[in-house]
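Let's take a look around this structure together. We'll start with the empty spaces and then turn to a few helices.

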Amino acid sequence: MVTVLIAALSTNAFAEGKATDNGYPYSQVPFTAVKITPSTFWGDRIKAARETTIPLAFSKCETQNRYSNFTKAAYTLTHPGHSGLHTKDYDVPTFMGFCFDDTDVYKTIEGASYVLQTYPDEKLKTYIDSVITIVGAAQEPDGYLYTARTINPAKPHQWSGKSRWVEEEVLSHELYNLGHMVDAACAHYQATGKTNFLDIAKRYADCVLREVGPNDGQAHVVPGHQIAEMALCRLYLITGEKKYLNEAKYMLDYRGKTDIHNIYTQSLQPVVDQKEAVGHAVRAGYMYAGMADVAALTGDSSYVKAIETICENIIGKKYYLTGGVGATHQGEAFDANYVLPNLTAYNETCAAISMVYLFERMFLFKGDARYVDCLERTLYNGVISGMSVDGGKFFYPNPLSADGKYKFNADNTNTRQPWFGCACCPSNLCRFIPSVPGYVYGVRDNSLYVNLFLGNTATINIAGKNVVLQQTTEYPWDGDIAIKIIASKAKDFDMKIRIPGWVRGEVVPSDLYKYSDEKQLGYSRSVNGEKMESEIEKGYFSIKRKWKKGDVVRIHFDMQPRTVVANAKVKDDLGRVAFERGPLVYCAEGIDNPDANVHNIFIGETPKISVADHTIQNTEGDNRPFTVKSLVVDNVQVMTTLDSGRLSVRDTSLRLIPYYSWNHRGAGLMDVWFASSLEAFK
């Protein structure tokens with residue numbers, strides 16, 4: 001959703017990076033103001049999304065009946081009561097797999113619209129317009145747009161209920177569909193200035209405002225799958241019509257007060273009384289982010305307090321080393337505190353994306369680098385692990401261990417797939433990856449926050465004055481960053497540069513994980529070759545000066561491999577150790593370690609680790625190989641059982657690759673956590 005929180009009230013303002021009053025103390029610099037350098041780590045990923053992921057998603061919408069659902073609904077509207085509606089051909093699941101299939105179309109339009117803002121493409125723009133025409137034709141006269149019912153009002157999708165909204169808090173996803181439609185329509189309007197999709201979305205939103213709410217004659221329901229809350233805040237910022245913000249607040253205020261009360265949809269109690277992350281992880285993450293948006297726009301401090309408490313619960317007790325959340329397949333949900341299994345971890349890609357939304361909003365409230373540290377961890381590990389490097393295959397869950405047999409994907413597979421029957425993750429990546437540039441910088445008053453390190457050129461408005469910066473780096477492969485002032489009308493401002501937690505010796509801002517080696521990483525910073533010293537405040541060091549064209553800030557972070565252990569309360573990681581380097585979590589795959597079963601690796605007390613380039617001969621997608629920095633670990637033993645039943649131990653070495661790059665060569669053994677003491681075998 002609101003991957004760009006600073007929604008502009010006009011297309012030109014949005015493109016120029018001018019912030020509107022979104023209510024947050026800190027502002028995100030819009031991704032349209034940040035141009036990622038080609039042939040860099042993130043340049044390659046955005047290129048993959050633009051050239052492969054988004055075209056693939058559009059093609060799947062064509063071949064997997066996403067468009068035909070709208071066409072069938074439109075036919076019903078123009079031929080009411082036609083006999084075909086009552087034949088078995090329209091029984092579920094023949095005409096539709098899921099009642100939220102419409103959102104695959106919306107999310108792909110959203111991602112394509114983000115691409116249009118950076119890479120104008122008349123052919124793509126025309127294609128999107130043709131799809132919008134198909135969507136609009138399925139809209140009922142009063143604005144309702146939900147093909148799962150409109151195709152056959154007498155016999156709708158089995159999850160939809162006999163009439164509007166009656167199953168909304170259970171399975172119908174009517175308001176979930178609204179949320180993704182609104183997000184896509186706002187993005188399309190911002191990209192093109194055209195209102196054809198925005199008008200459709202507003203008509204559905206206005207239908208919801210008339211029919212869903214606290215008043216007599218309205219359906220007293222709240223979203224069963226949250227996201228409409230964020231989307232309506234975005235629509236408010238785009239249109240200036242406060243009725244949309246009011247509806248978003250209703251959807252949150254009434255949660256826990258309707259007839260439905262359960263943990264799965266976070267409706268067991270009012271949102272301001274919730275203190276722990278529970279239930280379906282994607283729903284939860286979207287709700288917490290929606291609470292932040294509503295709190296920022298309305299000043300409701302009780303919302304802020306609640307999400308701050310919940311965020312601490314996640315970071316301290318329910319957060320995987322890879323930045324994923326949602327430990328259990330049952331309900332795709334958070335489990336109890338410290339329950340973080342590895343082989344059966346769910347860690348849905350969409351849930352990781354929702355955490356990026358939440359952590360960014362916490363930064364916008366607090367201006368604290370601890371939340372950006374978590375955002376970075378989730379982004380580099382839990383999110384991009386869900387998409388192959390070439391952009392053509394995907395994971396639904398993201399486990400931290402694999403035996404080559406356990407079927408962890410939603411379609412009962414254990415390899416990356418080009419699409420899923422429930423395709424929320426591929427289409428979500430379509431809209432998320434092109435928006436990543438919007439997380440690089442933040443602004444407050446006369447201060448510029450450098451949050452992420454990636455090659456880019458950015459035009460940033462600081463206190464009404466434009467500054468053009470160029471950031472050059474090979475991060476995450478090394479810790480050298482150069483920030484050059486290309487042009488600046490803001491002569492005097494404070495540049496605040498994040499010192500990542502991994503540099504400062506903090507795995508996450510809690511005691512859930514800690515480094516187990518004795519290394520102390522250093523860092524340095526200079527301006528035009530002159531070393532700079534300052535206190536670290538909230539994870540940032542500040543450089544305040546009169547800037548001029550050509551000034552260069554250089555930052556160096558020592559980037560050495562580290563070993564990590566988990567809190568003893570995490571039983572699945574007891575007696576085990578994991579490896580990191582910079583922001584990347586590492587894993588070992590069987591294909592890189594043919595002489596050792598990676599599940600039987602025992603790490604010595606002082607492992608010797610070296611860094612080496614390693615080319616992965618990708619057998620998935622388009623088969624292009626790619627190169628990563630691997631870790632080669634010595635002082636490692638592999639354990640085997642002899643025929644007599646006795647245990648045999650021999651020395652070996654272990655090669656590890658970045659976690660995001662695993663499974664590009666098919667199913668096999670993989671581990672993130674390795675035995676380092678006998679406690680691992682209890």
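## Empty space inside

A cavity here is a set of grid points where a 1.4 Å probe fits but cannot get out. With that in mind, how many cavities of 30 Å³ or more does a search of the whole structure find? It turns up five. Keep in mind as you look around that this is a predicted model.

The largest cavity has a volume of about 90 Å³. Its lining is made up of Asp373, Glu376, Arg377, Arg498, Pro500, Gly501, Trp502, Glu506, Val507, Glu580, Gly582 and Pro583. Sorted by class, that lining has six charged residues, four nonpolar and two polar. Helix H15, which covers residues 369–383, gives the largest share of the lining, with three residues.

## The largest pocket

Now for the open spaces. The largest pocket has a volume of about 600 Å³, and 32 residues line it. If you want to find its centre, look for Thr40, Phe41, Asp44, Arg45 and Val389, the lining residues that lie nearest to it.

Which helix supplies the largest share of this lining? That's H2, with 11 residues. Helix H2 (41–63) and strand S20 (626–641) each bring at least two residues to the pocket wall. As for the mix, the lining has 15 nonpolar residues, nine charged and eight polar.

## H16 and helix H4

Next, find helix H16 (residues 424–432) and helix H4 (residues 102–118): they pack at an angle of about 20 degrees, with their axes 7 Å apart. Angles under 35 degrees count as roughly parallel, so H4 is roughly parallel to H16. The crossing of H4 past H16 is left-handed.

On the H4 side, the contact involves Asp104, Lys107, Thr108, Glu110, Gly111 and Tyr114. H16 answers with Cys424, Ser427, Asn428, Cys430 and Arg431. This is a mixed contact: four residues are charged, four are polar and three are nonpolar.

## H16 and helix H14

H16 also meets helix H14 (residues 349–366), and here the axes come within 9 Å and cross at roughly 35 degrees. From H14, the residues taking part are Thr349, Cys350, Ile353, Val356 and Tyr357. Their partners in H16 are Cys424, Cys425, Asn428, Leu429, Arg431 and Phe432.

What classes of residue make up the contact of H14 with H16? Eight are nonpolar, two are polar and one is charged.

Definitions and conventions:
Residues numbered from 1 in each chain as written. Predicted model: local features only at pLDDT ≥ 70, side-chain atom pairs only at ≥ 80, totals over all residues. Heavy atoms only, no water. 1 Å grid on protein atoms, 1.4 Å probe; cavity = no way out; pocket = protein on both sides within 12 Å on 5 of 7 lines; lining within 4 Å. Points joined across faces, edges and corners; volume = space filled by probe spheres on them. Helix = DSSP H or I, 4+ residues; strand = E, 2+ residues; numbered from the N terminus. Nonpolar A, V, L, I, M, F, W, Y, C, P; charged D, E, K, R; others polar. Axes fitted to C-alpha atoms, helices over the stretch in contact; angles between N-to-C directions. Parallel < 35°, antiparallel > 145°, perpendicular 65-115°, else oblique. Left-handed = near helix turned anticlockwise from the far one by under 90°. Contact = heavy atoms within 4.5 Å.
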